[in-house]
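This report describes how one protein chain is put together, moving from its overall make-up to its helix pairs and then to single residues.

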Amino acid sequence: MSPRANLKTPLLKLPDKAPWSGMGSGGLGYAALTAGIFGLGVGVAFNAVWTGTAVVGAIFVALILVRPNFLMLATYVTATVALPEAVPMSFPLLGLNVQIYEPLALASVCYILAVRRRQLLEHKRIVATIALVGFAILYGAVLGIARGNDTTRVFNEARPLLETYAAIVIGCFVVCTPDLLRLFVRATPYVLVVSCAITIAASAQGFAVGGQQTEMAGSTAEVSRIVTPATYLAVACVCGCLCLYVSRGGRSLAKLWTILLPALPLVILPFSRNVILGLAAAALFAIVARRTLGAVGRTAVAAALVALSGLGFRYLGLSLATTPMGKWVNNQFELFETRVIGGLTGKAIEADGSAQFRLQQENPYLFDAIEESPVVGHGLGYAYKPLLTGRALNDRSENLQYYAHDLYLWLMVKLGPAGTVAFLLPMLASIVSTIIRPTKVLALFCGGAVAGFLAISTVAPLPLTVHTCFVFGLFGGLLVGATCVRNPGSHQPGSFVEEQVSSVT
């Protein structure tokens, strides 16, 4: 049987002539839409919201049974899109606030491992990745329970790691499946455009965005600093585009403008120094992979273009200073200048209470915990420091006993050396493999993204929060798959990814 024979294997074996046979995917979509509208109408007519919701949910399940690839696509979109807070993207369950993408990710992994595992088993590196990361999480959970750590805390810390694991499996599977890779590539610009529009509107109008949002004082006014589920998808795309430009030149970047343009505002509006760290790591990865003076020159050109763009927006803000748009642009520019650019200096870091808390009230306790159990680790759910260490008591103070901003020290405390190596080795090995043979577009793109993520995780542990762990794991899985699949996304000669990058524009 040819590899393409299993591309659309349904979860249920349907009759030879189903009622919707011959309609095609478009007809099926119209039928589902009509039935969904009817279901909502029934629910409204009988004043039963749950009835209409149940009907729509049943139709969605039916679509997934017929086209299982849409299950992974739905997981990707719901995990990364930024929407107004009024749009429910989570639901309460047994005292937890469960994100919609979490059950979808679980269903996706169950489907992949139960029905489509053959595509993964063909590649030893993918099998090793799934086994190593799974071992690391299981080891930490079992060790935590064996040491008597609070089981609730064990679960809370295992939850984002399991989501990371699910995303890695999905990422590996996407690379092995041409149709699914095509869906992901074509869906990404739409996710970024919607998220960009919502984020800019929220910053200008002040309404809440689902996910994460904080307020920071700017130099002239109180300005919204918005971090959403789409933020780190945008960071991954910008890092990937930068890596392609540095390593392959401007032609590759020109093909990715539909991804790059909506990603830039999503990267800028959080006003985070972490982004600078990620971009620097992606550029360094590209320079090392390319190993030419031209790569260094293109990095300098990229930095100059960013600076010129910033000056252009500054001029626009000053020219329109009396208009609402001009005031908003000036506020954003001043906050970026103060928080990001000015915050990179040594004096600014010394005066930054958050940075000093990490250096003085987290890292010393992490090193002490590592010294107490340098070989085995303490397991998930371990409180590595006292309740109060420099911050006022509030409803989150207890969480500070378990959370750390440095991912690698946190992993050493919880999982020990063996678990830490098992968790990180697949991605690190894939980065090294890409540096040795920088010939695949997808591997370079995802390698830049993962290099940026790994650098950012020294100050912001992406796999430890439910809003960022999926993107971290997804690009890690894509990178692992891209380095071991001979021609990512295609069983035929030629570059499928090059073709898709061109088709997006």
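Helices and strands are taken here as DSSP runs, with at least four residues for a helix (H or I) and at least two for a strand (E), and they are numbered from the N terminus. On that basis the chain, which is a predicted model, holds 21 helices and 4 strands.

**The chain as a whole**

Of the 505 residues in the chain, 49% count as buried. The surface that the chain exposes comes to about 23,800 Å², and carbon and sulfur atoms supply 68% of that area. Among contacts between residues at least 6 apart in sequence, 75% join residues that are at least 24 apart.

The largest nonpolar core has 122 residues, and those with the most contacts inside this core are Met72, Leu120, Ile170, Phe184, Phe453 and Phe475. Ile170 can serve as an example of how such a residue is surrounded: leaving out residues up to four places away in sequence, Ile170 touches Met72, Thr75, Ala105, Ser108, Val109, Ile112, Phe184, Phe470 and Leu474.

**Helix pairs**

Two packed helices are described by the angle between their axes and the distance between the axes. The table gives these values for three pairs.

| Helix pair | Axis distance | Angle |
|---|---|---|
| α3 (residues 69-80) and α4 (residues 101-115) | 9 Å | about 150° |
| α6 (residues 124-146) and α18 (residues 407-436) | within 8 Å | roughly 160° |
| α12 (residues 273-290) and α18 | within 7 Å | roughly 45° |

Helices α3 and α4 pack at an angle of about 150°, which makes α3 roughly antiparallel to α4. Their crossing is left-handed, and the contact is made by Leu71, Met72, Ala74, Thr75, Thr78 and Ala79 of α3 together with Tyr101, Leu104, Ala105, Ala107, Ser108, Tyr111 and Ile112 of α4. Several of these residues have already appeared around Ile170, whose contacts include Met72, Thr75, Ala105, Ser108 and Ile112.

The axes of α6 and α18 cross at roughly 160°, so α6 is roughly antiparallel to α18, and the crossing of these two helices is also left-handed. On the α6 side the residues that meet α18 are Arg125, Thr129, Leu132, Val133, Phe135, Ala136, Tyr139, Gly140 and Leu143, while α18 brings Lys414, Leu415, Gly419, Ala422, Phe423, Leu425, Pro426, Ser430 and Ser433.

Helix α18 also packs with α12, and here the axes cross at roughly 45°, which makes α12 oblique to α18. Phe285, Val288 and Ala289 of α12 make this contact with Ile431, Thr434 and Ile435 of α18.

**Single residues in their settings**

Pro417 is found in helix α18 and counts as partly exposed, at 28% relative accessibility. Not counting residues up to four places away in sequence, Pro417 touches Pro374, Val375 and Met412. Pro417 and Ile370 are 47 residues apart in sequence, yet their C-alpha atoms are 9.6 Å apart in space.

Is Val471, a residue of helix α20, buried or exposed? Val471 is buried, because its relative accessible area is 1%, and the cut-off for a buried residue is under 20%. Leaving aside neighbours within four places in sequence, Val471 is in contact with Thr80, Pro229, Tyr232, Leu233 and Phe453; of these, Phe453 is one of the residues with the most contacts inside the largest nonpolar core. The C-alpha atoms of Val471 and Ala234 are separated by 9.9 Å, although the two residues lie 237 residues apart along the chain.

Arg486 is found in the loop between α20 (469-484) and α21 (496-504), where it is exposed, with a relative accessible area of 80%. The C-alpha atoms of Arg486 and Cys176 are separated by 9.8 Å, and these two residues are 310 residues apart along the chain.

Two further arginines complete the account. Arg248 lies in helix α9 (residues 231-248) and is partly exposed, with a relative accessible area of 36%; measuring C-alpha to C-alpha, Arg248 and Arg290 are 8.4 Å apart in space and 42 residues apart in sequence. Arg291 has its place in the loop between α12 and α13 (293-319) and counts as exposed, at 52% relative accessibility. The phi angle of Arg291 is near 60°, a positive value in a residue other than glycine.

Key. Residues are numbered from 1 along each chain as its sequence is written. This is a predicted model: local features need pLDDT of at least 70, side-chain atom pairs count only at pLDDT 80 or more; totals for chains, interfaces and linings use all residues. Side-chain values use heavy atoms; hydrogens and water are left out. A nonpolar core is a set of buried Ala, Val, Leu, Ile, Met, Phe, Trp, Tyr and Cys residues joined through side-chain atoms within 4.5 Å. Buried means under 20% relative accessible area, exposed over 50%, partly exposed in between (1.4 Å probe, protein chains only). Contact means heavy atoms within 4.5 Å. Accessible areas come from the Shrake-Rupley method with a 1.4 Å probe; for residues, only the protein chains shown count as cover. Axes are lines fitted to C-alpha atoms, for helices over the stretch in contact, and angles run from 0 to 180 degrees between N-to-C directions. Angles under 35 degrees count as roughly parallel, over 145 as roughly antiparallel, 65 to 115 as roughly perpendicular and the rest as oblique. A crossing is left-handed if the near helix is turned anticlockwise from the far one by less than a right angle, and right-handed if clockwise.
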